[in-house]
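I opened the notebook to look through this structure entry by entry. Cavities come before surface and salt bridges.

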Amino acid sequence: MPKSVIPIGPYHPLQEEPEFFTLTVDGETVVDIDVQVGYNHRGIEKLSERRTFDQSTFVIERICGICSTSHPFAYTRAVEDIIPVEVPERAKYIRTIIAEGERIHSHLLWLGLAGHFLGYNTLYMWVWKLREEILDVMEILSGNRNNYAMFKPGGVRRDIKSEDIPLVIKKIDSIVPTLDRLKKAILDDPVLHARLKGIGILTREDAIDYGALGPTSRASGVAKDVRKDAPYGAYDKVEWDMIVTETGDVFEKVIVRVLEVYESIKIMKTCLLNLPEGEIDLNIKDIPPGEGIGSAEAPRGETFHYVRSDGTNRPARHKVRAPTFMNLPTFKVTVIGETISDATIILAAIDPCYCCTERMAVRNTKGKKIYHGQDLIRLSQEKTEHIKRKMGIK
Amino acid sequence: MKLTLKALLKSPWVFHLSTGSCNNCDIEILDCLTPRFDIERFGMLLAPSIKHADVLLVTGSCNRKSAIRLKRLYEQAPKPCLVVAIGECSLSRGMFIHSYNCPLPLDKIIPVDAYIPGCPPKPEAILAGALKLIQKIKGNL
Ligand code: SF4
């Protein structure tokens, strides 16, 4: 039977972000998949080099609207690694609180969208309504619903007022009963079981081979979490559990995310209640020449930043590696062999974030020479020289 | 007012296009559809295809790859089609104004009818913007 190709995207109603999938199908079964990205590339690494270390955090925040804490978290850690310094305790706690708030809202967002993909629009509406509560919390804490602008190299920009804490804790507590109901609804629903169990399986071996990160790997039984492996912020001072499940199908990925929300609530509350007194910012003035790396556990996995400083007030090089970059290739094992109708939810199951991933443009020139602006100017000048020489003009 | 435009205002269907955004604006648009803001009470619905849509919501700082597609999409849209630029990125490219990959602001590529500033604009702002656009076309503003 001849194989057919199904293009999805780049502007598809199912996706918020532009990306282009080519599914090669044989009847109902997907036999090959290809992903094309680049519709979101904005040259952030280069933009970051134009700005001072302090200003860069705002651009870094806008790499991704959902992970607008993880990226600055990793970046500021990279910058602090150059000097090196330890940020004040209070700043560490505040950073942790914001990061966990982000994880809650990101996981809920994904849960809602997953419900939408499966045709459970009620779930979508419910979860997003619940998510508003946590956005309110973030608004109280940081002044913004998203793009919190809390981070800076050496500390945080804004303190958490002690009079806000009771209200915030009340708000966080208020989402737990609804979340319990949601969890029960998901766990007890026979249709969801039938729909999600046993599809898109990422085995433990594959998860390790592909270097999958975050909930994608934890659902496959790989206990990998930067917060536990190399604790940063206040994660080593709070009690919390890493959620790891066994089989690695889509259902487990849902479970991991739902249970992680509970853990995040726990971390957030503990941090808020035990917020130490003291400074929130080191007021770093100069960054010496050197290199630094920083990582943070984003809702989707480990975010990694590399910063090189040459002693000026701007980064000389800034490299970003987002978790989706590692998780995307797992499609090659999870989607192939499944039916087209399952492909959407499997593609969504890694919680892909393309605007995080699109960091670079690799061009395969296949031996052809490509002229850049500078080359063209050089060629033009050379030609003038050539003509001058021919005419005997010095 | 042209009849086509008048008919459109009762229940404008929107198509959302991200031309290289950071996702936040897109999420805030989706947020408008969810219970707290519920933009559907003004008859607005997310359309699955531009060919069914009356309003084009554009977010993001049109990069080189998506600018071509944006133009093509706009050409495919049944006219009259209102274009709303959402977020600082699509208004002026915001932080990405110096980027090598974002050569032009949105309104130099396609005509824009309304601008909703913010990074990202709050859902309330998007609601207010949408209503203002309708009022303006009705001639009340
Ligand atoms: S305007 Fe701000 S929030 Fe919206 S896409 Fe651009 S950077 Fe993101």
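My entries follow in the order in which I looked things up.

**Entry 1: the model**

I note at the start that this is a predicted model.

**Entry 2: cavities**

I rolled a probe first. A probe the size of a water molecule, rolled over the atoms, shows where empty space is left. I searched the whole structure and got five cavities of 30 Å³ or more. I then picked the second largest cavity, which holds about 210 Å³ of space.

Which residues lie nearest the centre of the second largest cavity? I listed Val14(B), Ile39(B), Met44(B), Leu57(B) and Ala130(B). The full lining has 21 residues.

I sorted that lining by residue class. It divides into 20 nonpolar residues, one polar residue and no charged ones.

Next I asked which elements of chain B supply at least two residues each to this lining. Three are helices: helix 1 (3–10), helix 2 (24–33) and helix 5 (123–138). The others are strand 2 (45–46), strand 3 (55–59) and strand 4 (82–86). Helix 5 of chain B gives the largest share, with five residues.

**Entry 3: a nonpolar patch**

I moved to the surface of chain A. Ile387(A), Met391(A) and Ile393(A) make a nonpolar surface patch of about 300 Å². I placed Met391(A) in helix 16 (residues 373–391) of chain A. Is Met391(A) buried or exposed? Its relative accessible area is 58%, so I logged Met391(A) as exposed.

**Entry 4: salt bridges**

Side chains of opposite charge can pair when their charged atoms come close. I counted 37 salt bridges over all chains. I wrote up three pairs in chain A and one network.

The pair Arg90(A) and Asp159(A) has an N to O distance of 2.9 Å. This pair links distant parts of the chain, 69 residues apart. Arg90(A) sits in helix 4 (residues 89–118) of chain A. Asp159(A) sits in the loop between strand 5 (155–156) and helix 6 (165–188) of chain A. Arg90(A) has a relative accessible area of 8%, so I call Arg90(A) buried. Asp159(A), at 33%, counts as partly exposed.

For Lys161(A) and Asp164(A), the closest N and O atoms of the salt bridge are 3.9 Å apart. I checked that value against the 4 Å cut-off for a salt bridge. Lys161(A) is partly exposed at 44% relative accessible area. Asp164(A) is at 16%, so I entered Asp164(A) as buried.

The third pair is Lys266(A) with Glu263(A), at 3.3 Å between the closest N and O atoms. How many residues apart are Lys266(A) and Glu263(A) in helix 11? They are three residues apart in helix 11 (residues 250–273) of chain A, so about one helical turn separates them. I found Lys266(A) partly exposed, at 36%. Glu263(A), at 11%, is buried.

Then I traced the network. Salt bridges link Arg131(A), Glu132(A), Glu133(A), Asp136(A), Arg145(A) and Lys171(A) with Glu28(B), Asp31(B) and Arg36(B).

**Entry 5: Ala67(B)**

I looked up one residue of chain B last. Ala67(B) lies in helix 3 (residues 64–76) of chain B. Its relative accessibility is 16%, so Ala67(B) counts as buried. I also took the C-alpha separation between Ala67(B) and Lys108(B), which is 10 Å. These two residues are 41 residues apart along the chain.

Key: Residues numbered from 1 in each chain as written. Chains lettered and ligands numbered in written order. Predicted model: local features only at pLDDT ≥ 70, side-chain atom pairs only at ≥ 80, totals over all residues. Heavy atoms only, no water. 1 Å grid on protein atoms, 1.4 Å probe; cavity = no way out; pocket = protein on both sides within 12 Å on 5 of 7 lines; lining within 4 Å. Points joined across faces, edges and corners; volume = space filled by probe spheres on them. Helix = DSSP H or I, 4+ residues; strand = E, 2+ residues; numbered from the N terminus. Nonpolar A, V, L, I, M, F, W, Y, C, P; charged D, E, K, R; others polar. Patch = residues over 30% accessible without salt bridge, like charges linked within 9 Å, V, L, I, M, F, W, Y side chains within 5 Å. Areas by Shrake-Rupley, 256 points an atom, 1.4 Å probe, with all protein chains shown as cover. Salt bridge = Lys/Arg side-chain N within 4 Å of Asp/Glu carboxyl O. Buried < 20%, exposed > 50% of the residue type's maximum accessible area, 1.4 Å probe, protein only.
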